[in-house]
Amino acid sequence: MPEPTGDDIAARKLALDILNHLARSDDMLDTVMERFAGDQADLSAEDRRLANAIVFGVMRRRRLLDQLIKQHAALPPARISPEIRNILRIALFQIFYLDRVPDFASVNTAVEMAKRFVSLKSSRFVNGLLRNTLRNRPADIQSILPADPVSALAISQSFPDWLVHRWANRYGLERTRRLCAAMNEIPPVTVRVNTLKISRDELRNTLSGMCERVFETEYAPAGLSFIGPAAPIDHLPPFQEGFFTVQDEAAQVVTHLLGPKPNENILDACAGLGGKTGHIAQLMGDTGRILAIDKDIEKLERLTDEMARLEIRNVSVCRMDLNKPDRPPQDSRFDRVLLDAPCSGLGVIRRNPDIKWAARKKELKRFADRQLRYLDAVSQWVAPSGVLVYAVCSMEPEETDRVVEIFLEKHPQFELQAPDQGELGNIQPIFDGSGFFRSLPHIHDMDGFFAARLKRR
C-alpha cells in the first residue's frame, strides 16, 4: 500500500492544526479560520475545500465521532491526548461522511500524521483503533446508542445533552430531531446584494458564471444564495467591486423589521463588523445619517473599511461600551435604533458549529442580564414615536421573550409593535401570534433569529 505523500497530508495537516488550536484556546472557529487563512493560500482549491470540509464536519459530528472512538479504544478516552483524538476524529469523519476519500487513504494519512506530529508509539495506537473500527464497523448507528431516546438523539446528532433536553421539552422529540439535522447541514453561501450598485438580477447573472448554482432567497428581497464558488468569496471580482456582502437571510430580514427610511437619523447600537449597518444604508438610499457604535475599536475599523468597499457614505462610527455609556451619542435622539445584542449564538450553529460545544446553559442568564442593560441604555436615545428593534441570533426564551417582557415592564413608554402585513409582504409567516419574529433553521432554511419591534409612545 503506498505511503501518503506530502500532498495527501497537507489538507489534513491544516485541519489538524485548526482543530488543535481550537482545543487549546478559547477562540471561536471563525477567528481561528481567519488566523490560518495564510496557510490555506499554499493549498490547491481542492485541498482548501477538503480542509474546510474536515474542520466543519468534525465540529458538527464531534460527539458521534467520540462515541466511535470510545467504542473501539483499548484505553479510557481520558488517556487519549487532544492531538491524537483530533487525528482519529479526522480519519473517522472521512470514513463515515466523505464518500470521495477511500477508507485505506483515511487510515494511512492518520497513521502518518500521528507518526510525524506526535510519536511512533501513538501511530501504532491510531492504526490499531482505526482498523478495529473498520473491522467492526456498525451496520446501524443505533446499535452504539443508549436506549434513552433523548440521549440517543444527542449522540447521533452530536449535540450536548443539556441543549437537546431543553429543545425536546420545548419542541418535542421529532421537531428537535429535525432542528438538529438542519443545524448539521452545510448551508449555502448567502449574500445580500448591494442594491446601491447593482440589481439582484444583474448580480445573479454575474455569479452564475462563477458558481455551480445561484438562487434567490425566499424571504429577503435582496438576497442570493450560491453553491460551489470557483474561488474563495473574497477573491470573487463582484465581492471586490462591492456588489455584495455575505449575510444570512434571517439577518437581512431583521433590518427590514427596523424599516429605515431615507433621510432618517438611525443608531446601530452593536454594529460589530457592520453587516446590518450596510443594509440599513441601502434601505435609506445612502441618505440621512447612521451612527454605528461598538466597544471594539478593531471592529469599528473593519466596519469603516467595509463601508468604503460598498461605497456607502452616510455612516459614522463611535466607540462606546453600553455596559457604562458615560455620554450620549451625538444627536442623542434617533428615529430608529437597532440593538443586535451579544448572545449565546445558539441560532447560528449551522454556520458556526463550535458554538454548540462552547455554550453553557448557565451563561444564558448572564447574556440576558447584559441584553437588558443594553436595552436600558439605548432606549433613552429613541425619539418620541421612534422605533427600537431588539434582535438576537438565539431561540432561547431567556434571551428572547423574557428579555422583552422584563424591558416592557420597566419601560411603559414602549409598546410591542407588530408590523403590518403590507409592510412585510412574504415575511409575515415568520412572525408568531405575539408579534415576534422567529426564524428556525428546520422550518425557514435560515439561521435561528429572534426580533421584536418596540415603539416609543
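The second largest pocket of this predicted model holds about 410 Å³ of space. A pocket here is an open set of points on a 1 Å grid over the protein atoms alone, where a 1.4 Å probe fits, with protein on both sides within 12 Å along at least five of seven lines; its volume is the space filled by probe spheres set on the points. Lining residues, those with an atom within 4 Å of a point, number 20, and L22, A23, S25, R62 and W357 are the closest to the centre. Two or more lining residues come from each of α1 (6-24), α4 (45-72), α5 (82-97) and α16 (355-358), with α5 giving the most, four. Helices are DSSP runs of H or I of at least four residues, and strands are runs of E of at least two.

Turning to the sheet, four strands are arranged in the open order β2-β3-β1-β4 with antiparallel pairing, where a pair needs at least two DSSP bridges. Because β2 (211-216) and β4 (244-246) each have a single partner strand, one side of each has no neighbour in the sheet. Five bridges join β2 to β3 (residues 223-229), and V214 faces F226 in β3.

Helix α11 (residues 200-208) lies across β1 (189-193), β2, β3 and β4, at about 165° to β2. Angles run from 0 to 180 degrees between N-to-C directions of axes fitted to C-alpha atoms, for helices over the stretch in contact, that is, with heavy atoms within 4.5 Å.

Residues are numbered from 1 along each chain as its sequence is written. Local features need pLDDT of at least 70, side-chain atom pairs count only at pLDDT 80 or more, and totals for chains, interfaces and linings use all residues, while side-chain values use heavy atoms, without hydrogens and water.
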